[in-house]
Each structure stands twice: as C-alpha cells, then as structure tokens.
There are 2 protein chains.
Amino acid sequence: MRATIDADRLRERFDAFNEIGATERGGVDRPSLSPENREARDRLVEWFEAADLAVTVDEMGNLFGRRPGSDDSLAPVLLGSHVDSQYNGGRYDGVLGVLGALEVVEALNDAGTGTERPVEVVAWSNEEGVRFQPDMLGSGVFAGVFDVEYAHGREDKEGNRFGDELERIGYAGTAPCEPRDLHCYLELHVEQGPYLDEGDLSIGVVEGVYGFSWANVAFEGQADHAGPTPMHLRHDALVATSDVVQSVRRIAGTGGADLVGTVGSIDAHPNSINVIPERVEFTLDFRSYDDGVVEAAVDRARREVEWAAEREDVEWEFEEIMRIDAAPFADECIEAVERAARSVVGEDDYTRIVSGAGHDASYLNEICPTGMIFVPSVGGISHVEEEYTEWEDVVRGVEVLLGAVLEKADE
Amino acid sequence: MRATIDADRLRERFDAFNEIGATERGGVDRPSLSPENREARDRLVEWFEAADLAVTVDEMGNLFGRRPGSDDSLAPVLLGSHVDSQYNGGRYDGVLGVLGALEVVEALNDAGTGTERPVEVVAWSNEEGVRFQPDMLGSGVFAGVFDVEYAHGREDKEGNRFGDELERIGYAGTAPCEPRDLHCYLELHVEQGPYLDEGDLSIGVVEGVYGFSWANVAFEGQADHAGPTPMHLRHDALVATSDVVQSVRRIAGTGGADLVGTVGSIDAHPNSINVIPERVEFTLDFRSYDDGVVEAAVDRARREVEWAAEREDVEWEFEEIMRIDAAPFADECIEAVERAARSVVGEDDYTRIVSGAGHDASYLNEICPTGMIFVPSVGGISHVEEEYTEWEDVVRGVEVLLGAVLEKADE
C-alpha cells in the first residue's frame, strides 16, 4: 500500500488547532510563549505521541517528534515549521508546515511504510519575532547562529526574558539545542506573496530565500509647544522620520528589481497633539535575493537618515539589528521537491519561486541541504487574520511534502 | 502701606508645590485628575483657606477662592490659571498663574488693602488636554462653550470618564459651572515661545491668543508581510501619513506669516517591523492669529490627505475635533496690564505680544474683558521638563499682575 495523506484528518486537526487563540476575524493570536502558544504545544505533543513519535524538547523549546528509520543510525530527514503566530495573525502561517509534516508521518504509519532514515517532525520556537526579537530564534540557535544564553536573555516589551517565559509555560527542555547531522530539512509554508495566486498555480518549488536587513532608527529633536514655537525654531523628530519613510520608497523603487523596503513600526514621544515630537523610533526592513542590493539599500538608507537629521537639525541613531544573507537552497532538495510537485500536480501547476519572507529553512540551510514547498496565499496576503489558502492547495502541498520525504528518507 | 508681593513666600510655595509629582529631570507629572493633581489641589485648598479665601469647587472641579470686596455685590475680578500638567511637563506652565494670583491676594492681605470689588483666585480643571480632550475643558464649560454632561463624559485612553475621575479624587463640587458676571479675568503665564527671551524682555502684554484647529486623521490600507509583498501591490498607511507630515510643513511654510502646523501624535497598527502598516492615526494642529489663515490651512491639509490616500490607494478619515477662533483681548485689560508693566519694569523691558498657545483666558475672553501677562520661557521651551523662567522674571510678572488687579478691582 502506497502512503497517501488523509485530507479529512488533516482538516479536522487544522480546524481544532486553530480554535486555540482564535480571533473574531478568523485569525489566531498565539504569539511566542503565550498561554495560547503553550496550549498549541500541548496539543502537538498529544498528537505526536498518538502518532508514536518520540517527543523531545530542547533547551530553546523546539519540539521534535521522531519516527525511527530502519537504519536508525542514519542522519534523519527533518520536516516542520513553527506554531507561534503574529499578534492577530493568520491560521496558515507555520501551522501548515507542522501539521503537514505530522500528516506525512501519519500517512507513513497508516501505510506501514518504513523508511531507511529516521523522519523527524519539528515545531521551531519564536519564528515570528513579534514578541521576542530576533525572529527565527529557535532555528537560529539550532543552526549555531546564536548561542542559547543570548536567546534566553531576549526580552519582550514588558522586560520578560525568553528563558523565563519558556520555563513558565513548561517548555524549557533539556536536550541541547545545537547543530547535528541531518540528511535534509523540508518545510511546507504559505507563500505570503502574490505570485502563485496571480499565476493560478498550486505549488511553488522554492529555490531559496531573500536576504534581508533590519535596522532600528531614531531621531531626537526638541519637544516644544505646537502653538507658540515658530517653524524656523523647530527640531521635529517626526518630520525627519517622514523624510526617511519617503526615502525608503525611493530606494525600493530604484535599488533593484526585487528590492522591497518597509517602515513597519513607529513610536513617537511624547505623542501629544500639541507638542512637537521630540523622539521618534522606527524600523527599516530591506529584502532582496541579491545580497549586494540589500547592502546598497542599507547604505543609502543610512545616508538618508543623516541627511534628514541634518535638514531638521536633530540627533540620529541607526543600528542594524539583523542581516541575513540570501539562502539559495541545495539543488538536490529543490529537485526532489520539483519531482514530487510534478508527480502531484503535473507540469503546468507549479513554478520555481524565491521566498521574500524569511523562514526557519533559511537557518537550516546553513547546516544541511534544505528545501521548501509553497502553497498560494490568496491575494498574496499574510501576517493578518484574513490570510487564506484554498483547502485543495493545502492538500496538494502536503502531498508534495510526502513525495519529497519518501524520496529523501530512503536515500 | 502699599501692597507688595513677598518674593520669598512665593518662592517657598512654588518649590513646595512642585515637589508634588516631581520628575527626575526637574519637571512635574500631574496630569488632569491624577493622584498628583489631587494632591496639588489639596495643597491649594489649604493655602486658600490660610489666606482667608472662601473656597468653592464647581461641578467641573474648578477651584475658586474668594476675597470679598468692600461692595461685595459688584462683579469680581477673577485671576488664575491651571495646575494640571502635561505628562512629564514643566514647573511653570499654569502653576505660575495660580500661585501668582494667590500671592496677589496675600499681598493685599498683608497690606490690609481692601478693594471695591471682590477678588477671586481660580485653578481651572483640565487645561492641558493630554489625558482628556478637548483641552481647556473647565474654563470652556464655565464660559458656556461646552455643557457639563459633555465634559463629564469625556474619556481618557483607558476609557475612564472625566466625571467619574473627578468624583474619585474628591473634586466633583456642587457649585454650578456656568457663565456669571465678572468684571474681568487676568492670567499670568509663561510665554511658551521664544520672543521675550530672544528680545531679552521681562514682560509680555498679551493682545490676544491665536486661533487654532485640531484634527484627527487616519489612513487605512492593507497589512501584509514586508518581505514577499512587491512594492506595486502595497497600500501602506504610513507612507500616506509621511506624505501628509511633509505637506504640513509646506502648508505652514507658505500659508501665512504666523501660521504654524504640527503632527504631534502618531499611532501605527499593527506596528511590527515586518508587517506593512495597515492603519495609521495621527493629529493635525494649525494655529494663526488670523482665522482665515487657519481655515485655509485646514482646507489644504484635507486635500493633501485625499491626495496622499489616492496615491497610496488607501482609505482616509479626517475629523476636525476642535476649532477655536483667535481671541483679541479687550483694550481696557490690555491697557491696564500695560500700565502695570510700565510701572514695574519701565518702558523698555516689556512688549505687546500675541499668544501662540491656547489658554483658559481664550474662553474667559468670550464672557468678560480679559487680559494676560507673559513672562519669558528661556529658549522658548515649554511642555517639557526643561521649561524654565528666571526667578526675577517670575517676580516681575506677579508684580504686574498685582498692579493690574489694584487698578481693576477698584473700578
């Protein structure tokens, strides 16, 4: 009997899982290490155990479920994603890759299909980076990019430490979180961009992930009463900021064909209707598949910050807090995913694609051959409650994942 | 014996008063109806009673202390200001006008100087408008601009009602808050602008107050992932906002010689480094002594909001929440203040001036002849902890107030 996925079981679990932290507008609110994130983890452990997976939690709270191989000493095939969400995020982001991986194992179990290599399912901690920065923290430590102490010391806006919060929700495991020998890593994810949906395609065979840069910028001017302070005496941190927001648009418009640039977060002080803004803090996000393009964009943005500060005669701060190089995936994984895609949806319903969003796969790619499968995001929309993927595309995505696992796990 | 103010007593009270809610950087944090605002009120009541003033609290929490006139049936001379502060505001704003008025009464008491008319000292509620909008709420109700029910129903960001908070701090008085017969209103205040300091002058004889407009503006676009969303598919509420921030500068630069324009407050949602801003709410503040200039600026700003929304293909909202006409003061009060100024500091150390900031005096001007005295703000700085006025200028300001009161209270 050939292993096939059970779409009804997958649907049932998908719906049940997304009742945890469900929001009124149809999304989920399960930020990293929240009570809802704990509940989601508890549910996974339950399902992992029901599928006869050996459960391990490492010191970053990354959650593994292992199905032995016929030669259990071989390096395993690892598949998964994450279950933490944005604040009021979508139901598909991350969840699909974890529940899809679990369904692949269930399909192997149902068919009594053994594999040469062990197959492991993983749910990485803190992928989103909305509560604790940086994002992809669990996979980053696993790949040796950050050390555990650094990660445990990350604080949310209330000053709660990641390590303490992990302890509080009961997922501070003892297994070491460090690179180990893996045959490959495979991740199914929603595209979060418009290309598959616009092209009416079911599957994206991901060739790699954009590199990106994150920076924190601040201007500090002079708070003063908005009435009696004449324009020529002002040092307005928000005016300087608006200069830079405009610059980011210009940089993205001319800096490279695939370059995108965003100011996503802004906080002004004292933030009062009749006081000139004294200090404004904001963020920059630049992404491209070409690391040189990102580099040039960041350089140009830094100069724009200096110029804006000079025009308004305010102080400036510019700190790049994260730079990730573009991650081209291993040909062997891209090709295995492509073969599976061709077999599931035929020649005309998939495309090769590059990911604009960062993923845990970006870090895994640094320690083992890595591949990703995308399914469409309707309207290209993600990180919001309206995030949506047609159910038949979800099923196709999991089938492609199964196909790729069947190939890789017997190598 | 001619009444003269006691600079030492004034200083002692000024310092003691500003220990209430004192901040580390030398300012005060006593926002409207806060515990610190209550403590400040308690202190005033104590000092009013010690000065033999008959204390009344009205239904807006406005606090009056009355010194009878020799003909107590005559309309009183009212003098005062406010003791609520900005969040982390300065020590002089408002406080000077209230403690200065009290010192005037003490000086009359010390000298045994009777006046024909009663003299009343007042501390108005909620002048700043940082916790409850609109600002100048206590004097606004007193002048008949707002009704009491409207004012009591105003809510802070946590949804606390003004009326309930007034009750909670024990200052929901029973005296009706409504226009009554006043001979005149006089207010001593820091300039909050740079002109007296730049001109090295001690006293400003205020001819009137700028008119102004406040508006709440919002853009609503589409939240989406900052990585995989190409630039041409974005509907970024912050980009539209930055357009308008720049426009406000252009409008202020060309709309009229004395026109000022400010975006003081901005809030973005979801405010995440890797999500395109979906909704941004911000404020507009335009001021001029020419009401037509304010009108034109608001019209132009509304069009700029529309254009910015069209460029970015986002929804827009524009609500003007407050429009106050310029308030030219009565000649008889301007002249009385000017005579007192000339007598205290001589011909060369004062100037006539217009106020860019709104004051309780703006509302009082609608129901009785009104005058104001300014003392310099060093560096033109106010609404911040660094707000500073040389002590000798404070003393001169109170002496001018006393001189004007002596003239007006015997008319």
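These are my notebook entries on a predicted model.

**Entry: domains of chain A**

I began with how chain A is divided. The domain assignment gives domain 1 as 7-210 + 326-408. Domain 2 covers 211-324. I then looked up the distance between the C-alpha centres of the two domains, which is 34 Å. Where they touch, domain 1 of chain A gives nine residues and domain 2 of chain A gives 11 residues. I sorted the domain 1 side by residue type. I found four nonpolar residues, five polar and no charged.

**Entry: chain A against chain B**

Next I turned to the contact between the chains. How many residues does each chain give? I counted 56 residues from chain A and 56 residues from chain B. Then I asked which elements of chain A give two or more residues to the side that touches chain B. I listed one helix, H8 (237-254), and the strands E7 (211-220), E8 (260-262), E9 (266-269) and E10 (279-288). H8(A) gives the most, with eight residues. By type, the chain A side holds 28 nonpolar residues, 23 polar and five charged.

**Entry: two helices that pack**

I moved on to helix H10 (residues 331-345) and helix H12 (residues 391-408), both of chain A. Their axes are 8 Å apart, and the angle is about 130°. Is this pair parallel or oblique? An angle over 145 degrees would count as roughly antiparallel, and 65 to 115 as roughly perpendicular. About 130° falls in neither range, so H10(A) and H12(A) are oblique to each other. I noted the handedness too: the crossing is right-handed.

I then looked up who meets whom. From H10(A) the contact includes Ala336(A), Val337(A), Arg339(A) and Ala340(A). Ala341(A), Ser343(A), Val344(A) and Val345(A) of H10(A) also take part. On the H12(A) side I found Arg396(A), Glu399(A), Val400(A) and Gly403(A). Ala404(A), Glu407(A) and Lys408(A) of H12(A) belong to the contact as well. The residues of this contact divide into eight nonpolar, two polar and five charged.

**Entry: a hairpin**

My last stop was a pair of strands in chain A. Strand E1 (residues 54-57) and strand E2 (residues 63-67) pair in the antiparallel sense, over four bridges. Which residue in E2(A) stands opposite Ala54(A)? I found Arg66(A) there. Five residues lie between the strands of this hairpin. I checked the backbone in the hairpin as well: Gly61(A) takes a positive phi near 80°.

Notes
Residues numbered from 1 in each chain as written. Chains lettered and ligands numbered in written order. Predicted model: local features only at pLDDT ≥ 70, side-chain atom pairs only at ≥ 80, totals over all residues. Contact = placed C-beta atoms within 7 Å. Nonpolar A, V, L, I, M, F, W, Y, C, P; charged D, E, K, R; others polar. Axes fitted to C-alpha atoms, helices over the stretch in contact; angles between N-to-C directions. Parallel < 35°, antiparallel > 145°, perpendicular 65-115°, else oblique. Left-handed = near helix turned anticlockwise from the far one by under 90°. Domains from an automatic or database assignment. Pairing = 2+ DSSP bridges.
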